[in-house]
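Here's a quick tour of the fold you have on screen. Have the viewer open and follow along.

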Amino acid sequence: MKTLKIAIQKSGRLNEKSVELLKNCGLNFENYKSSLISPVSNFPLEILFLRDDDIPEYVQDGIADLGIVGENVIEETEVTVSYLQRLGFGKCSLKIAITNNSDIKELGDLEGRSIATTYPVILGKFLQKQNIHADIRTISGSVEISPGLGLSDAICDLVSTGGTLKSNGLKSFADVMASEAILIGSKGSENNDLVQELIQRIQSVLRAKETKYVVLNVEKTNLQNVLTLLPGVKSPSVLPLAEEGWVAVHTVIPERDFWDRISQLKQAGAQGIVVMPIEKIIL
C-alpha cells in the first residue's frame, strides 16, 4: 500500500491547528521541529513540514499528495490543485489598507497610486476587475511600514484582528479576498481510497466541533414542543425516565445557534439540560 504524503506548515499561524486536526483524526506522529518529515505510526501517511509558500507547488507536482495551506497562498501561486475540504481555521482577510490621514476615499482614488504587497498576483487581479491601474510594489516582509517610509500610498496584506494596522497608523480600506485553511490534493488524489478515508476522518472532526451533545429531561406532555426544536443528526433519541410521565431526550445542537436554541428549549419545558462536547461525528 502506497504511503501518502501530506504537507503542512513547518512554522507559522497554521502549524499548530494543522497538527491538532491531524492528531484529532487519530493519527500518531511526532511534531519534530528539526525534521522535515514525520511518519505516522498507525496510518500509511508521512507528514512533510514545509514553508507555506512551497506547499501548493509540492502538491501540484505530486511530491505531496495532500496539503494544508491558506487559500490566499493557493491563489497567489496560481497552482492547479483540487480543493478537497475547507477546514474552518486560519480565517483572515486580504485587505487594502491606507494611512489614517490618507486622501484616498474610494476605490477609484487608487488610480495611479502605489500599493505595497506580498500578494501581487491576487492584488493585480482585484485591481483589474475594478478597472484600476495602480503601481503594485512587491515587498518581502512587513509591508505595514512602507507608507510611513514613503514607499507606497497603501498596502495590501492579510488582516486578522487589525491590531498590526492600527499600531502602524493604518486602517482597512477595501476587502480583496477572504481566506482560510484548505485541504488540497494533487490531480486525481480525490480518487485514492486512503485520501477518502482521511477526508472522512477530517470531516468527522469538523462536524463534531460545530455541534454540542445535549441531554435534557422533559414531561411527556411537552415532548412534542421540544422535539420540534431538535433536529439531531437524524432525529433525537427519547428514553423513558424512572419518574412516571418524564423522558430523557438525547440530541445534538449546532454551535452557531446553540444559546438561542437552549433558551427556546427551556421555554418549551426542558429541564436538567446537560451539554457535552463531541469528539467525532461519523455519518
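How many bridges join S2 to strand S3, and do the two run parallel or antiparallel? Three bridges join S2 to strand S3 (residues 45–50), and the pair runs antiparallel. Bear in mind that this is a predicted model. Below: the sheet, the helices packed on it, helix H8, and the main pocket.

**The sheet**

- Six strands make up an open sheet with mixed pairing, and reading across it you get S2-S3-S1-S4-S11-S5.
- At the edges sit strand S2 (37–39) and strand S5 (82–86), each of which pairs on one side only.
- From one strand to the next, the twist averages 25 degrees.
- If you want a landmark for the S2 and S3 pairing, Ser-38 stands opposite Ile-47 in S3.

**Helices packed on the sheet**

- Helix H1 (residues 15–24) packs on the sheet, where it touches strand S1 (4–9), S3 and strand S4 (66–70).
- The direction of H1 makes about 145 degrees with that of S1.
- Helix H6 (residues 193–209) also packs on the sheet, and its contacts there are S1, S3, S4, S5 and strand S11 (181–185).
- The direction of H6 makes about 30 degrees with that of S5.

**Helix H8 and its two faces**

- In helix H8 (residues 258–267), the buried residues are Phe-258, Arg-261, Ile-262 and Leu-265.
- These buried residues are on the same side of H8 because they cover an arc of only 100 degrees around the axis.
- The background is simple: an α-helix has 3.6 residues a turn, so residues three or four places apart point the same way.
- Turn H8 around and the face away from its buried side carries Trp-259, Asp-260 and Gln-267, which are exposed.
- The cover over the buried residues of H8 includes strand S12 (211–219), helix H7 (223–227), strand S14 (246–254) and strand S15 (271–277).
- Check the backbone just after H8, too: Gly-269 takes a positive phi of about 115 degrees there.

**The largest pocket**

- For anyone thinking about grids, the largest pocket has a volume of about 290 Å³.
- Its lining consists of 14 residues, and those nearest the centre are Asp-53, Thr-118, Tyr-119, Gly-141 and Asp-157.
- Two or more lining residues come from each of helix H3 (71–77) and strand S9 (154–159).
- H3 gives the most to the lining of the largest pocket, with three residues.

How values were computed: Residues are numbered from 1 along each chain as its sequence is written. This is a predicted model: local features need pLDDT of at least 70, side-chain atom pairs count only at pLDDT 80 or more; totals for chains, interfaces and linings use all residues. Side-chain values use heavy atoms; hydrogens and water are left out. Two strands pair if DSSP finds at least two bridges between them. Helices (H or I, at least four residues) and strands (E, at least two) are DSSP runs, numbered from the N terminus. Axes are lines fitted to C-alpha atoms, for helices over the stretch in contact, and angles run from 0 to 180 degrees between N-to-C directions. Contact means heavy atoms within 4.5 Å. Buried means under 20% relative accessible area, exposed over 50%, partly exposed in between (1.4 Å probe, protein chains only). The arc is that of the directions from the helix axis to the C-beta atoms. On a 1 Å grid over the protein atoms alone, a cavity is a set of points where a 1.4 Å probe fits but cannot get out, and a pocket is an open set with protein on both sides within 12 Å along at least five of seven lines; lining residues have an atom within 4 Å of a point. Grid points are joined across faces, edges and corners, and a volume is the space filled by probe spheres set on the points.
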